[in-house]
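This report covers two places in the structure: a surface patch and a ligand site. Please have the sequence and the model open while reading.

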Amino acid sequence: MSETLQTDRAAGPEGRPERTSSQDRASFYLAGHRMHTHLGDVAFGLRSAHFAPFRRLDELRYDYPLVLADGDDVHGTMTSLSGLVDDLLARVATGDDADRLRHHAMLLEHEVRVRANGGRARLSALWDQAVDALVAEHGSDDLADSLARLTVARDVDGAVVACTRETPRHVVGHLWRLVQRERMGHLTARVARLRGALQDILDAEQADSPAGLAAARLAGSLGPVVGAEVDAAALSRLLTENRPRFVLPDSRRERVQGLLDVLTSQRFVPCDLEGGLEGTELYGFEYTDVGEAIAAYHERYEPTAELAKALVVAEMEADGRYRDEIHDSLFASWSVADLDAETLAIFPEYLVRVDAEQMSAEESVALLEALAAGIPLKVMVQVNDLLRGYYPSERQAHSGVSARMLASAALTSGESFVLQCASAALFHARDRIIAGASAPGAALFVVYSGEGEWLDDLPHYLASAAAIESRVFPSFSYDPSAGDTWAERFALACNVQPERDWPVHRLTWSGADLQRVTQDVPFTAADFWACDARLAPHLAVAAEDGSDGTVVPFAEHVAANPGAWADELPYLLMISRDDRLHRVLVDRPLVHMTQRSVEAWRRLQELGGIHNSYVTRELAWQREAFEAERARWAASVPSATTATTAPGGSAATGGAGDASVPGATEVDDLGEPDARDPYLPWIETARCATCNECTAINDRMFTYNDNRQAYIADPDAGTYAELVLAAESCQVAIIHPGRPRNPNEPGLPDLEKRAEPFA
Amino acid sequence: MIDFSRDGVAECLLRLYDERVEIEGFQKGVPRWCAGCGDNAVLAALQRLLRDEGLRPEKTVFVSGIGCSSRLPHYMNTYGFHGIHGRALPVAEGIRLARPDLNVFVNTGDGDSFSIGAAHWLHAIRYNMRMVVMVHDNQIYGLTKKQASPTSPRGTKSNTTPRGSYLEGLNPLTVTLGVQNVSFVAQVADWIPEVLYDVIQAAFHHDGLSFIRIVQRCPEWMPDNFDRWLHDPAKVTLLHHPTSLSISPALARLYPNHLEHDPSNIHRARELASVQDPVPIGILYHDPTVPRYDEILRADATHSGTAVRRLLDAEFDKFAVQGGGTRV
Ligand SMILES: Cc1ncc(C[n+]2csc(CCOP(=O)(O)OP(=O)(O)O)c2C)c(N)n1
Ligand code: SF4
Ligand code: SF4
Ligand SMILES: [Mg+2]
């Protein structure tokens with residue numbers, strides 16, 4: 001871009017621009033008034049100089065278009081076209097012709113990207129068109145060869161999604177649907193399994209009944225070959241007569257039948273064909289209206305509770321662990337109030353996709369209440385107009401919670417998953433969208449689409465990226481399942497240079513003297529707002545000749561925060577369609593809007609642990625305390641030294657390090673007492689092989705412990721002869737008989753001799 | 001991601017009324033093994049495991065063939081299948097497939113699994129279905145009163161080899177370690193209960209077929225056979241490794257030979273398996289990543305009786321129309 005000297009200023013009588021009076025400037029600054037037409041109007045299409053490098057977006061490799069790959073893998077489904085091509089090259093471009101392949105792949109990627117702008121299409125279709133077009137245009141064999149190889153290697157197909165107004169609804173819907181499919185798959189399988197198990201219970205009784213064991217039936221099940229050799233009538237008599245029959249208690253049969261009815265008639269997930277009620281219509285779970293979704297949820301609350309209860313009872317029935325005497329009363333008192341989030345987590349959840357501009361005030365309040373109540377709604381509110389509810393005159397027209405504040409408002413309940421982001425960041429936010437869709441309970445996704453005719457031809461991608469960067473619509477997420485603390489739950493992801501008020505980028509342009517000028521320029525909220533044609537009255541193109549008095553860079557002006565008119569006008573750097581650079585003056589209402597958004601941003605920073613005021617205060621205290629301590633210590637060093645060398649020591653050192661308790665006898669894990677009494681019999685219990693030898697000799701003397709290993713429970717419960725015999729019998733030789741306890745036992749000398757090897 | 005498969009309430013309710021089963025609760029009847037028989041130690045270790053792991057009796061099955069060792073299911077108060085000679089493994093595999101919810105244990109003898117059941121042994125290793133297989137290797141046919149088994153050491157005098165057996169005994173560990181898809185191989189001795197328990201526990205947690213050779217004393221028919229190991233601790237090498245078992249200090253004092261062995265190393269495992277003196281005790285080989293046939297085969301659909309009948313009917317219908325000549 002180049003600096004321009006041209007402005008659309010009105011010329012004075014001499015044909016030279018008139019100097020703007022201080023009054024004129026003050027009234028522009030304070031109220032946006034142009035008393036005289038000295039300040040230049042801003043032409044449509046002027047946009048922040050930060051956008052200059054992105055004029056031709058299609059030439060760049062960036063996240064869009066996205067590819068939503070076919071298949072069920074929710075974590076792998078979303079890739080960017082560039083990512084996909086890079087993957088492909090990593091696999092294919094490995095030989096000598098790698099550079100050629102890479103070059104041709106870039107041509108192909110560009111071609112697909114341009115075609116993707118036409119709306120949603122299949123990757124394979126766009127790809128083939130692009131290949132045909134390139135081959136037709138260049139006609140080189142090398143190119144045809146490269147493209148053919150890339151085409152063969154591409155193993156992904158799916159929907160290609162450009163960044164448009166529809167993107168947030170497509171992407172969130174796609175990811176939600178995959179999560180929902182998995183969730184419903186589990187429930188479907190569980191219902192089918194339980195139906196099978198319950199049916200088996202009824203069938204078992206039937207098979208064992210007289211009807212089930214009737215001769216004809218038996219003959220049928222034996223088949224013609226075996227049946228010819230078996231007398232089915234005799235077999236039937238054998239099986240039915242004089243034989244206890246398996247009969248289900250009536251209560252159980254009724255319960256099982258009742259459960260089967262509930263599982264079959266439920267409308268949450270499909271039943272397998274047979275036995276499923278004809279014409280049972282499944283519930284829908286996708287809505288475009290918050291109120292309708294909430295109403296549907298409440299309407300289905302009873303059936304949900306009924307099915308949840310049936311699943312629990314059926315599970316117990318199938319396991320054969322339902323006991324009437326215990327469980328009947330428990331389940332009789334089961335009510336819908338017992339539906340906790342964990343139970344609800346197995347049910348399909350509701351997706352609502354709605355435009356913020358379509359939501360009434362009542363609806364946004366109802367939404368916040370539903371979120372706080374943990375209703376399993378996944379709500380995507382798409383914001384198309386950020387000015388709504390922001391700009392004073394716009395605010396009056398709209399009295400609900402402004403879409404821009406919806407996510408922040410939802411944070412306060414602390415219960416639901418919240419994600420705020422914009423189309424440009426959807427790719428990076430994919431894991432958080434999946435987390436929100438999978439987490440049990442409520443989730444809110446507020447996504448700015450970058451839509452708006454007031455944005456001139458600014459692409460959705462750039463507008464939405466700019467909304468995040470300028471902190472007008474910062475991206476953040478709050479995930480209650482990530483931990484217990486804010487630090488774990490809250491993340492300020494996707495924001496550039498989050499430690500700053502605004503991200504700073506280096507801009508380079510050629511000045512009036514054709515010299516290169518380089519400057520670090522923050523991308524402020526005003527830079528974003530200045531693209532909005534509706535705010536043009538708050539802007540004026542400055543004169544290059546300095547006739548507008550003191551002008552200061554916008555960020556500096558906001559930082560200095562002059563209370564009222566300080567005889568300076570803030571300016572932004574903007575470019576016109578011909579890439580010429582202009583200084584554009586900004587009035588006070590726009591300064592105010594910027595200040596408000598930066599304050600909101602700082603509150604988010606604090607939540608995200610950046611410049612946290614509590615931490616800063618605590619740090620200051622700690623530093624103060626540390627300094628004071630150090631000063632005290634420095635003053636007391638000489639006396640401290642004498643104190644430690646004083647004779648006698650202090651009471652605190654006595655006994656430390658001596659952990660043994662006198663008098664305790666330690667027993668190691670083989671059961672051997674440390675200070676063993678040679679007279680006492682004992683067993684190395686941990687080595688006992690549970691062979692029953694000793695217990696067979698005397699089971700009052702030798703007993704098993706909790707692990708079924710022998711120990712001597714009572715040495716006096718038998719004779720020394722038994723102890724010696726056990727020691728000899730013990731296969732592992734772990735019984736030590738000790739010395740005789742009864743000096744009058746007969747045969748002691750011989751026994752003591754036999755006991756010697758086991759001492 | 002949340003686990004959608006089972007909800008918390010059912011689990012809580014089930015747990016609420018699940019009594020803890022003590023060791024005595026797993027005991028059934030009085031073992032008819034000879035006093036002093038090493039099979040007792042295996043029974044005790046298994047009952048301890050069931051208690052410690054909180055396994056429900058009705059969710060556990062012990063399968064065996066024929067032999068003294070194969071009587072174990074009788075003494076276990078769980079499901080049991082005392083089958084036919086040599087066929088414990090195919091029965092266990094059937095159970096594994098039909099009832100994936102059961103914990104499957106197999107107790108078999110050296111005769112049962114390495115003579116008549118040898119074919120099943122090799123294929124079961126290769127199929128790697130989840131189960132704990134314990135071979136009580138007393139190196140003899142115990143139940144039938146002393147005939148040489150494939151693992152009997154050369155020179156064993158028995159009713160079938162009155163002049164002493166002529167051949168070297170088979171080494172079941174090296175054979176097992178040579179089979180494709182082997183995933184867990186260990187050796188224990190019935191008289192070292194600590195390692196016996198630890199190994200069975202590790203085997204229970206292994207995600208595949210775990211093969212444990214239990215060196216088991218038969219005081220009745222082989223009274224002196226195990227003495228050299230039993231009474232000389234230096235004839236045992238305890239294997240340990242951070243990824244497998246650790247040895248308690250007391251055991252370490254008792255058995256002086258310790259060897260750090262990484263059970264993921266199959267070559268080293270094969271080397272160790274071929275050493276008979278001192279006998280390596282512990283986990284020889286462990287690879288949790290080997291695919292399980294029961295996992296591969298597990299169908300998505302549930303096979304209730306009705307569902308199977310329905311499918312069969314559908315097949316028969318086709319047959320009736322297309323196969324019978326009554327084409328319309
Ligand atoms: C088909 C068949 N063949 C032979 C037998 C006889 N038989 C019973 S037990 C047994 C050997 C068991 O040896 P082992 O498996 O080592 O068990 P142990 O008794 O040693 O524990 C034999 C051959 C049989 N029961 N069935
Ligand atoms: S004889 Fe020895 S191994 Fe057998 S139970 Fe008694 S102490 Fe244990
Ligand atoms: S014969 Fe041997 S294996 Fe069988 S019970 Fe007796 S000691 Fe045990
Ligand atoms: Mg045997």
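Helix 7 of chain A, spanning residues 215-229, contains A:Val226. The model is a predicted one. The relative accessible area of A:Val226 is 43%. Partly exposed is the class between under 20%, which is buried, and over 50%, which is exposed, so A:Val226 counts as partly exposed. Together with A:Val225 and A:Val230, A:Val226 makes up a nonpolar patch on the surface. The accessible area of these three residues together is about 240 Å².

The second place is the site of ligand 1. The ligand has 16 residues around it, and those that come nearest are B:Cys68, B:Ser69, B:Asp110, B:Gly111 and B:Asp112. By class, the shell around ligand 1 holds six nonpolar, eight polar and two charged residues. Which helix gives the most to the shell around ligand 1? It is helix 5 of chain B, residues 110-116, with four residues.

Oxygen atoms of ligand 1 also pair with polar atoms of chain B, as listed here.

| Residue | Polar atom in the residue | Distance to an oxygen atom of ligand 1 |
|---|---|---|
| B:Asn138 | side-chain N or O | 3.0 Å |
| B:Ile140 | backbone N or O | 2.9 Å |
| B:Gly142 | polar backbone atom | 3.0 Å |

On its own, ligand 1 has 590 Å² of accessible area, and the protein covers 73% of this.

Technical notes: Residues are numbered from 1 along each chain as its sequence is written. Chains are lettered from A and ligands numbered from 1 in the order in which they are written. This is a predicted model: local features need pLDDT of at least 70, side-chain atom pairs count only at pLDDT 80 or more; totals for chains, interfaces and linings use all residues. Side-chain values use heavy atoms; hydrogens and water are left out. A residue is near a molecule or strand if one of its heavy atoms lies within 4 Å of it. A polar contact is a pair of N or O atoms within 3.5 Å; within protein, one must be able to donate a hydrogen and the other to accept it, and residues adjacent in sequence count only if both atoms are side-chain atoms. Accessible areas come from the Shrake-Rupley method with a 1.4 Å probe; for residues, only the protein chains shown count as cover. Helices (H or I, at least four residues) and strands (E, at least two) are DSSP runs, numbered from the N terminus. Ala, Val, Leu, Ile, Met, Phe, Trp, Tyr, Cys and Pro count as nonpolar, Asp, Glu, Lys and Arg as charged, and the others, Gly among them, as polar. Patches are made of residues with over 30% relative accessible area and no salt bridge: like charges are joined within 9 Å, nonpolar side chains (Val, Leu, Ile, Met, Phe, Trp, Tyr) within 5 Å. A salt bridge is a side-chain nitrogen of Lys or Arg within 4 Å of a carboxyl oxygen of Asp or Glu. Buried means under 20% relative accessible area, exposed over 50%, partly exposed in between (1.4 Å probe, protein chains only).
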